[in-house]
There are 2 protein chains.
Amino acid sequence: MLLQNLNDGECRELLTRMGFGRLGCASENQPYVVPIYFACHDEYLYGFSTVGQKIAWMRTNPLICIEVDEVIAPENWSSVIVFGLYEEMPDTPRYAHLRQFAHDLVDKRELWWEPAVASAQTRPEEIRPAPILYRLKINKMTGHKAVPN
Amino acid sequence: MLLQNLNDGECRELLTRMGFGRLGCASENQPYVVPIYFACHDEYLYGFSTVGQKIAWMRTNPLICIEVDEVIAPENWSSVIVFGLYEEMPDTPRYAHLRQFAHDLVDKRELWWEPAVASAQTRPEEIRPAPILYRLKINKMTGHKAVPN
């Protein structure tokens with residue numbers, strides 16, 4: 001197979017179309033990787049989560065990495081790696097507009113079956129934690145694709 | 001959908017059967033996530049790579065995380081997260097036996113189409129870097145699966 005670089009537009013196309021990837025965060029140099037769904041818009045990936053290990057870690061250290069890939073066959077795949085920063089959008093007046101925007105984006109992608117949210121749904125309504133809305137700023141992005149010889 | 005925990009045997013079954021996942025490493029609290037192929041045996045995941053960013057980072061900080069998943073449908077998936085340690089198996093007499101063992105394991109899984117190796121194959125033979133053989137010690141492992149309601 002042959003490896004080729006993806007340009008910026010091709011990277012964004014993959015991020016937007018897949019909307020699913022593996023998020024890496026780190027605490028005291030221990031990495032942690034989890035699958036996440038997201039919606040891509042301009043320089044940000046928008047997502048939500050209930051409070052848990054990844055949110056706790058990203059609050060302490062906002063440096064993140066996301067890997068997104070589409071594997072059609074072992075010799076036919078694309079992969080994008082994003083380095084970025086975690087930014088929370090708390091439920092305060094200052095973030096109201098951005099939260100609504102993120103909510104609409106995420107709704108469009110039907111992300112409500114995310115594991116964390118599904119998990120919360122098994123608890124009684126009154127003790128369900130409110131989901132955390134966040135966005136990941138894209139600081140640097142590289143992409144590759146493999147094509148059969 | 002409903003979430004269930006996977007027990008140790010179910011986690012190992014997924015790792016062994018998939019042999020593909022996303023490896024997270026970290027340098028100065030910056031996480032980095034890349035797809036890797038591996039072969040699972042006892043307490044280790046065996047793999048190889050040409051020298052590059054992930055090897056350089058794991059040599060400096062051996063703490064790693066691997067996420068492996070099988071997504072059949074948005075409400076029907078399994079996911080395992082492994083925390084572990086990077087250990088290199090250099091081409092020295094001390095590691096000769098272990099390297100042969102790892103080589104055989106990896107050969108069985110036909111991992112030779114890994115991106116890094118494919119990439120090296122486009123270079124003239126005399127300047128192809130020798131692949132690095134490594135293993136990742138499983139220190140802690142958790143797994144979940146989602147089943148439709």
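A nonpolar core is a set of buried Ala, Val, Leu, Ile, Met, Phe, Trp, Tyr and Cys residues joined through side-chain atoms within 4.5 Å. The model used in these exercises is predicted.

**Exercise 1. The cores**

Task: Find which residues of the largest nonpolar core touch the most other members.

Solution:
- Step 1. Take the largest nonpolar core, which has 60 residues.
- Step 2. Pick out the members that touch the most others: L15(A), I66(A), L136(A), L15(B), I66(B) and L136(B).
- Step 3. Look for a core apart from the largest one. There is another, of eleven residues, including A39(A), Y44(A), M89(A) and A102(A).
- Step 4. Inspect I66(A). Beyond four places in sequence, I66(A) touches R22(A), L23(A), I36(A), L45(A), V80(A), I81(A), V82(A) and L136(A).

**Exercise 2. The interface**

Task: Describe how chain B meets chain A, by contacts, area and elements.

Solution:
- Step 1. Count the contacts. On chain B, 38 residues are in contact with 38 residues of chain A.
- Step 2. Take the area. The two chains bury about 2,900 Å² between them, and 69% of that is on carbon and sulfur atoms.
- Step 3. Ask which three residues supply more than any other three of the area that chain B buries. They are N29(B), P31(B) and V33(B), with 20%.
- Step 4. Count the polar links. The interface has four salt bridges and ten residue pairs in polar contact, both residues at pLDDT 80 or more.
- Step 5. Assign elements. On the chain B side, β1, β2, β3, β6, β7 and α4 each give two or more residues. β2(B) gives the most, with seven residues.
- Step 6. Sort this side by type: 23 nonpolar, nine polar and six charged residues.

**Exercise 3. An arginine at the interface**

Task: Decide whether R22(A) is buried or exposed, and list its partners across the interface.

Solution:
- Step 1. Place the residue. R22(A) sits in strand β2 (residues 20-27) of chain A.
- Step 2. Apply the cut-off. Buried means under 20% relative accessible area. R22(A) has 5%, so it counts as buried.
- Step 3. Collect the contacts in chain B: R22(B), V33(B), E67(B) and D69(B) are among those of R22(A).
- Step 4. Find the polar links. The side chain of R22(A) makes a polar contact of 2.6 Å with the side chain of D69(B). R22(A) also forms a salt bridge with E67(B), with closest N and O atoms 3.5 Å apart.

**Exercise 4. Salt bridges within a chain**

Task: Show which distant parts the salt bridges of R17(A), R17(B) and R59(B) link.

Solution:
- Step 1. Start from the total: 18 salt bridges over all chains.
- Step 2. Take R17(A) and E70(A), whose closest N and O atoms are 2.9 Å apart. R17(A) lies in helix α1 and E70(A) in strand β6, so the pair ties together parts 53 residues apart in sequence.
- Step 3. Turn to chain B. R17(B) and E70(B) form a salt bridge at 2.9 Å. Helix α1 and strand β6 of chain B hold this pair, 53 residues apart.
- Step 4. Take R59(B) and E88(B), at 2.8 Å. Helix α2 holds R59(B) and strand β7 holds E88(B), 29 residues apart.
- Step 5. Check exposure. R17(A) is partly exposed at 39%, R17(B) is partly exposed at 40%, and R59(B) is partly exposed at 47%.

**Exercise 5. Two contrasting sites**

Task: Classify R135(B) and P93(A) as buried or exposed.

Solution:
- Step 1. R135(B) lies in strand β8 of chain B. Its relative accessible area is 12%, so R135(B) is buried.
- Step 2. P93(A) is in the loop between β7 and α3 of chain A. Its relative accessible area is 77%, so P93(A) is exposed.
- Step 3. Add a side-chain link for R135(B): a polar contact of 3.3 Å with Y46(B).

Technical notes. Residues numbered from 1 in each chain as written. Chains lettered and ligands numbered in written order. Predicted model: local features only at pLDDT ≥ 70, side-chain atom pairs only at ≥ 80, totals over all residues. Heavy atoms only, no water. Contact = heavy atoms within 4.5 Å. Buried area = accessible area lost by both parts, 1.4 Å probe. Salt bridge = Lys/Arg side-chain N within 4 Å of Asp/Glu carboxyl O. Polar contact = N/O pair within 3.5 Å; in protein donor to acceptor, adjacent residues only side chain to side chain. Helix = DSSP H or I, 4+ residues; strand = E, 2+ residues; numbered from the N terminus. Nonpolar A, V, L, I, M, F, W, Y, C, P; charged D, E, K, R; others polar. Buried < 20%, exposed > 50% of the residue type's maximum accessible area, 1.4 Å probe, protein only.
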